[in-house]
Amino acid sequence: MISPWDRWYSTSCCLCCHVRTGTIILGIWYMIINAVVLLILLSALYDPVQYRYHLTSSELGTDIDVMDDANICIATAISLLMILICGMATYGAYKQHAAWIIPFFCYQIFDFALNTLVAISVVVYPNTVQDYLQQLPGTFPYKEDIMSTNNMCLVFVVLLFIGCILSFKAYLIGCVWNCYRYVSGRGSTEVLVYVTTNDTAVLLPPYEEAVAIPPKEPPPQYMEA
């Protein structure tokens with residue numbers, strides 16, 4: 001009987017490329033995104049006057065710093081950690097080290113769980129969509145038109161959008177998992193040599209692990225008297 005893991009196992013992913021290639025591309029893409037975020041956060045730390053965001057008093061009645069120095073430092077540390085995790089996954093897929101891919105796979109599972117909780121919260125509390133729209137600034141385009149739409153239509157559109165994101169993330173998780181299985185499978189395979197005779201079959205270890213037997217010395221030459 002074929003297990004569900006073996007049934008969905010494949011060595012190819014989107015664009016008909018190998019799962020190793022897909023994992024490397026995905027890791028590099030995540031590293032680029034986090035590197036851009038890291039540059040923005042470092043710029044905010046270097047020049048806080050220019051990059052610090054304030055909400056005007058006409059919107060919330062007070063002047064509140066959305067991102068202070070502590071939050072920027074935390075976000076910077078998270079971006080550095082994400083670059084490290086994505087770099088490990090890229091290196092592990094390239095050098096075929098399965099253990100290096102596990103942290104990136106765990107991050108994907110965590111991110112998928114968070115998005116699933118967001119979808120569940122929208123289903124359980126549909127008024128959260130309207131509450132979120134009310135918190136948007138007045139300069140947000142088409143804010144009044146969106147808020148005038150039926151609440152059930154807004155919930156359906158949000159759930160459809162989140163469902164597409166979850167489906168795409170689940171596919172990427174499957175690609176990384178297949179890459180991990182492929183790399184770990186290649187690392188655990190051993191070359192087995194069978195020597196078959198008429199009565200027995202002897203299993204020999206791989207050639208690299210076999211003990212080298214020194215060659216026999218040739219017999220001494222015959223010396224005539």
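**Group meeting: the predicted model, from its rings to its cores**

Good morning. A search of the whole structure finds 6 aromatic pairs. One of them is formed by Tyr91 and Trp100, whose ring centres are 4.9 Å apart, with 55° between the planes, so the pair is classed as tilted. How buried or exposed are these two residues? Tyr91 is partly exposed, at a relative accessible area of 36%, and Trp100 is also partly exposed, at 38%. Elsewhere, ring pairs join Tyr30, Phe104 and Tyr107 into a cluster.

Before going further, I should state that this is a predicted model. The mean pLDDT of the chain is 75, and 65% of its residues reach 70 or more. Among the elements of the chain, α6 has the highest mean pLDDT, 92, while helix α4, residues 57-60, has the lowest, 41. Two stretches call for caution. Over residues 190-202 the pLDDT is below 50, and the model gives this stretch 13 contacts beyond near neighbours in sequence. Residues 207-211 also stay under 50, and for them the model has 0 contacts beyond four places in sequence.

Let us turn to the interior. The largest nonpolar core has 19 residues, and those touching the most other members are Leu26, Ile101, Phe104, Val176, Cys179 and Val183. Which elements give two or more residues to this core? They are α2 (19-46), α5 (69-95), α6 (102-124) and α9 (151-188). The largest share, 6 residues, comes from α9. Val176 illustrates how this core is joined: leaving out residues up to four places away in sequence, Val176 touches Thr23, Leu26, Ile101, Phe104, Phe105 and Gln108. There is also a second, separate core of 6 residues, including Val122, Val129, Leu154 and Val155.

Next, consider helix α6. Its 23 residues should span 33 Å at 1.5 Å a residue, and the end C-alpha atoms are indeed 33 Å apart, so expectation and model agree. The buried residues in α6 include Phe104, Phe105, Gln108, Asp111, Asn115, Ala119 and Val122. To read such a list, recall one general point. An α-helix has 3.6 residues a turn, so residues three or four places apart point the same way.

Now to helix α5, where Ser79 is found. Is Ser79 buried or exposed? Ser79 is buried, because its relative accessible area is 5%, under the 20% limit. Setting aside neighbours within four places in sequence, Ser79 is in contact with Asn34, Val37, Leu38 and Leu41.

Between α5 and α6 there is a loop, and Gln96 lies in this loop. Gln96 has a positive phi of about 60°, although this residue is not a glycine. Gln96 is partly exposed, with a relative accessible area of 27%.

Finally, the database record. An unreviewed UniProt entry places the feature "transmembrane region" at residues 28-49, 70-94, 100-125 and 152-172. What does the model show for two of these spans? For residues 100-125, the end C-alpha atoms lie 39 Å apart, and the span is 88% helix and 0% strand. For residues 152-172, the end C-alpha atoms lie 30 Å apart, and the span is 100% helix and 0% strand.

To close, I would ask you to keep two points in mind: α9 gives the largest share of the largest core, and α6 has the highest mean pLDDT among the elements of the chain. Thank you.

Key. Residues numbered from 1 in each chain as written. Predicted model: local features only at pLDDT ≥ 70, side-chain atom pairs only at ≥ 80, totals over all residues. Heavy atoms only, no water. Core = buried A, V, L, I, M, F, W, Y, C linked by side-chain atoms within 4.5 Å. Buried < 20%, exposed > 50% of the residue type's maximum accessible area, 1.4 Å probe, protein only. Helix = DSSP H or I, 4+ residues; strand = E, 2+ residues; numbered from the N terminus. Contact = heavy atoms within 4.5 Å. Phe/Tyr/Trp six-rings, centres within 6.5 Å; stacked < 30°, edge-to-face > 60°. UniProt positions renumbered as here; feature names shortened; annotations may be inferred. pLDDT = per-residue confidence, 0-100. Expected span 1.5 Å × (residues − 1).
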